[in-house]
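Hi everyone, thanks for coming. I'd like to walk you through one model today, going from the strands to the core and then to the aromatic rings.

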Amino acid sequence: MRRLILFFLIFAALLTACTVVFADENDSFREGLLEQLNVLRKHYGCGTLVFDDHLETAAQHQAEFLAEIGMLQSGGPAGETVRERAVDAGYGGDKAFSIRETNAMVWVDTDIDYLIENVLRPSQASVRVIFDPALRQIGIGIGDAPDKHRYIVLTIAGLDDGSLDYSMTRPTYDYRTPKPTISVTPSPVPFMTSTANPDGGVYHVVQEGETFSEIALAYGLDWYTLSIRNNIKLSDTTPVVIMEGQVLVIEPTFTLTPTPTPTKTPVPPTSTPRPTFTADPNIVINPLPTAGGKLPAPDFSRLLDRTASWKRTVGWILVGVCIPGLFFSFRKK
């Protein structure tokens, strides 16, 4: 019996030592990751991040859950949003805050440089979370799966008033205790949901006897999403009050992007080639004056060649003209 007790004591001591070493390794990884993220944020003028214990709790539980199911997802074990998980962990107190989350899966021996340069920075979704200047507090969760994969969750938030302090005035949930199930009281009349408009918007007109939780459940929304879309403030102590005839935004309208109309570009006219003239060798072109201002001597041989076919006719015409002239010349007065 003593040997058995001694064996268990030794085993417990070894297990505790391994757990401490493992925890120290994860803490070192968290600190190194935060340090390098702050170097990048400072470079881009986004300010530095500081650890928050409540965000750390929310991120760590989410990382362990991802390692357990062996896949990445945004919802928690019961489908909770990141805001719900942060509130359950105690973040924010009664102050309004903004929050974002990103996660990644790597091998357990992946170093921080590879994680940042090859996993986080190439992801546009991760970049929008990490470099949001309005977010100043962070929680880093690390969950190692049996298949040697490591799941890393970055939960980053910021109080809307720009401060880092908040008081804990609301109760927090214990993750080991199941959340209470919300019971919905049926309406006295059948619940009628609205259909989407052509612009994508969905609006619901509150009828007599309908409750806020019932409307959210009918459209498949959580309370927080429905409250944000209608500028309704949620409270842990005061129920949401809606009035009959009130119009609630279920799905906001989307903005149509105009499709560019193709413009027909006129085809330039085809140029018609100018006719090419061939010089007629029988046409005599008078030469231009020379540099001295005198015309060159006329070439009568070309003219005689052209009149060779009708020399006889020209000769008889000249004879006919000359004979009357001689006659009148020798005639006495």
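**Strands, cores and rings**

Let's start with one bridge: W107 has H149, in strand 4, as its bridge partner. This is a predicted model, where local features need pLDDT of at least 70 and side-chain atom pairs count only at pLDDT 80 or more, while totals for chains, interfaces and linings use all residues. Residues are numbered from 1 along each chain as its sequence is written, and side-chain values use heavy atoms, with hydrogens and water left out.

A quick word on terms: helices (H or I, at least four residues) and strands (E, at least two) are DSSP runs, numbered from the N terminus. Two strands pair if DSSP finds at least two bridges between them.

Strand 2 and strand 4 run antiparallel and are joined by 11 bridges. They belong to an open sheet of four strands, in the order 1-3-4-2, with mixed pairing. Why is one side of strand 1 (50-51) and of strand 2 left without a neighbour in the sheet? Each of these strands stands at an edge and has a single partner strand.

Elsewhere, strand 5 pairs with strand 6 (residues 247-251) in the antiparallel sense, over four bridges. V202 stands opposite E251 of strand 6. As a reminder, in a regular strand the side chains alternate between the two faces of the sheet. Strand 5 has V202 and H204 on a covered face, and Y203 and V205 on an uncovered one.

Now to the inside. A nonpolar core here is a set of buried Ala, Val, Leu, Ile, Met, Phe, Trp, Tyr and Cys residues joined through side-chain atoms within 4.5 Å. Buried means under 20% relative accessible area, with exposed over 50% and partly exposed in between (1.4 Å probe, protein chains only). The largest nonpolar core has 23 residues, and L33, L115, I138, I140, I152 and L154 have the most contacts inside it. Among the elements giving two or more residues to this core are strand 2, helix 4, strand 3 (137-144) and strand 4. Which element gives the largest share? That is helix 1, with five residues.

Take I138 as an example: beyond its neighbours within four places in sequence, its contacts (heavy atoms within 4.5 Å) include L34, L37, F51 and L154.

Helix 4 (residues 112-120) has I112, L115, I116 and L120 buried. These residues lie on the same side of helix 4, because they cover an arc of only 90 degrees around the axis, taken from the directions from the helix axis to the C-beta atoms.

Last, the rings. Phe, Tyr and Trp rings (for Trp, the six-membered one) pair if their centres lie within 6.5 Å; planes under 30 degrees apart count as stacked, over 60 as edge-to-face and the rest as tilted. There are three aromatic pairs in the structure. One of them is Y91 with F97, edge-to-face at 5.0 Å centre to centre and 85 degrees between the planes. Y91 also pairs with Y166: the centres are 5.1 Å apart and the planes at 70 degrees, so this pair is edge-to-face. Y91 and Y166 are 75 residues apart, and their pair links distant parts of the chain. Both Y91 and Y166 are buried. Ring pairs thus join Y91, F97 and Y166 into a cluster.

F97 has a further partner: R83 lies over its face, 4.3 Å from the ring centre. To count, CZ of Arg or NZ of Lys must be within 6 Å of the ring centre and within 35 degrees of the ring normal.
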